[in-house]
Amino acid sequence: MNRVDMTDMKPEVMRKHIDLAQQNERNLAGHPDIYGQIVEQIRKRDLVWAVWPEDRADCMFGHGLAMLKGKWTLMARYQAGVAANVQVVRLMFPSFEAASQMCALYGDDSQHAEVQAS
């Protein structure tokens with residue numbers, strides 16, 4: 001999983017990612033199995049954006065951003081000439097490392113991700 005290069009990103013786009021991720025974090029906060037709910041959100045969506053607090057010069061509004069899941073789905077749809085009408089969710093993680101771990105288990109970096117997308 002790679003961090004999104006925010007050089008040309010409009011601030012309102014990043015603000016939307018952060019706001020929606022924080023909203024989802026609040027929605028999940030009272031659930032007895034937050035981890036299970038996050039996994040379910042990842043599994044049932046085509047595109048998952050990971051957002052986390054980060055204090056780096058190349059971040060925006062004190063947050064980082066990466067595509068946790070969706071690369072293979074978007075690529076397969078593009079190659080097939082199919083419109084990329086996808087289900088999207090933004091999820092907040094405590095760190096880049098935590099988001100990367102979820103990507104390795106359930107996202108684009110999992111061993112079955114490319115097969116599942118085709």
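**Exercise 1. Find where the charged end of Arg15 sits, and then look at Arg3.**

Step 1. Start at Arg15: its charged end is placed over the ring of Phe61, 4.3 Å from the centre of that ring. The criterion for a charge over a ring is that NZ of Lys or CZ of Arg is within 6 Å of the ring centre and within 35 degrees of the ring normal.

Step 2. Now turn to Arg3, which lies over the face of Phe96 at 3.9 Å from the ring centre.

A word on the model before going on. This is a predicted model, in which local features need pLDDT of at least 70 and side-chain atom pairs count only at pLDDT 80 or more, while totals for chains, interfaces and linings use all residues. Residues are numbered from 1 along each chain as its sequence is written, and side-chain values use heavy atoms, with hydrogens and water left out.

**Exercise 2. Work out the strand order of the open sheet and how its strands pair.**

Step 1. Lay out the 3 strands in the order β2-β1-β3; the pairing is mixed. Helices (H or I, at least four residues) and strands (E, at least two) are DSSP runs, numbered from the N terminus, and two strands pair if DSSP finds at least two bridges between them.

Step 2. Which strands stand at the edges? They are β2 (63–69) and β3 (88–92); each has a single partner strand, so one side of each lacks a neighbour in the sheet.

Step 3. Follow β1 (residues 47–53) to its partners. With β2, β1 pairs in the antiparallel sense over 6 bridges; with β3, β1 runs parallel, joined by 5 bridges.

Step 4. Check individual residues. Val51 has Leu65 as its bridge partner in β2 and stands opposite Met92 in β3. Trp52 is bridged to Gly64 in β2.

Step 5. Is β1 largely enclosed or open? Of its 7 residues, 6 are buried, so β1 is largely enclosed by the rest of the structure. Buried means under 20% relative accessible area, exposed over 50%, and partly exposed in between (1.4 Å probe, protein chains only).

**Exercise 3. Describe the aromatic pair of Tyr35 and Tyr106.**

Step 1. A search of the whole structure gives 2 aromatic pairs. Rings of Phe, Tyr and Trp (its six-membered ring) pair if their centres lie within 6.5 Å; planes under 30 degrees apart count as stacked, over 60 as edge-to-face and the rest as tilted.

Step 2. For Tyr35 and Tyr106, the ring centres are 6.4 Å apart and the planes stand at 65°, so this pair is edge-to-face.

Step 3. Place the partners in the chain: Tyr35 is in helix α2 (residues 34–44) and Tyr106 in helix α4, 71 residues apart.

Step 4. Compare their accessibility with the cut-offs. Tyr35 is at 43% and counts as partly exposed; Tyr106, at 21%, also counts as partly exposed.

**Exercise 4. Find what supplies the largest nonpolar core.**

Step 1. This core has 18 residues, and Leu68 and Phe93 have the most contacts inside it. A nonpolar core is a set of buried Ala, Val, Leu, Ile, Met, Phe, Trp, Tyr and Cys residues joined through side-chain atoms within 4.5 Å.

Step 2. At least two residues come from each of α2, β1, β2, β3 and α4. The largest share, 5 residues, is from α4.

Step 3. A second, separate core of 12 residues includes Met9, Met60, Val86 and Met92.
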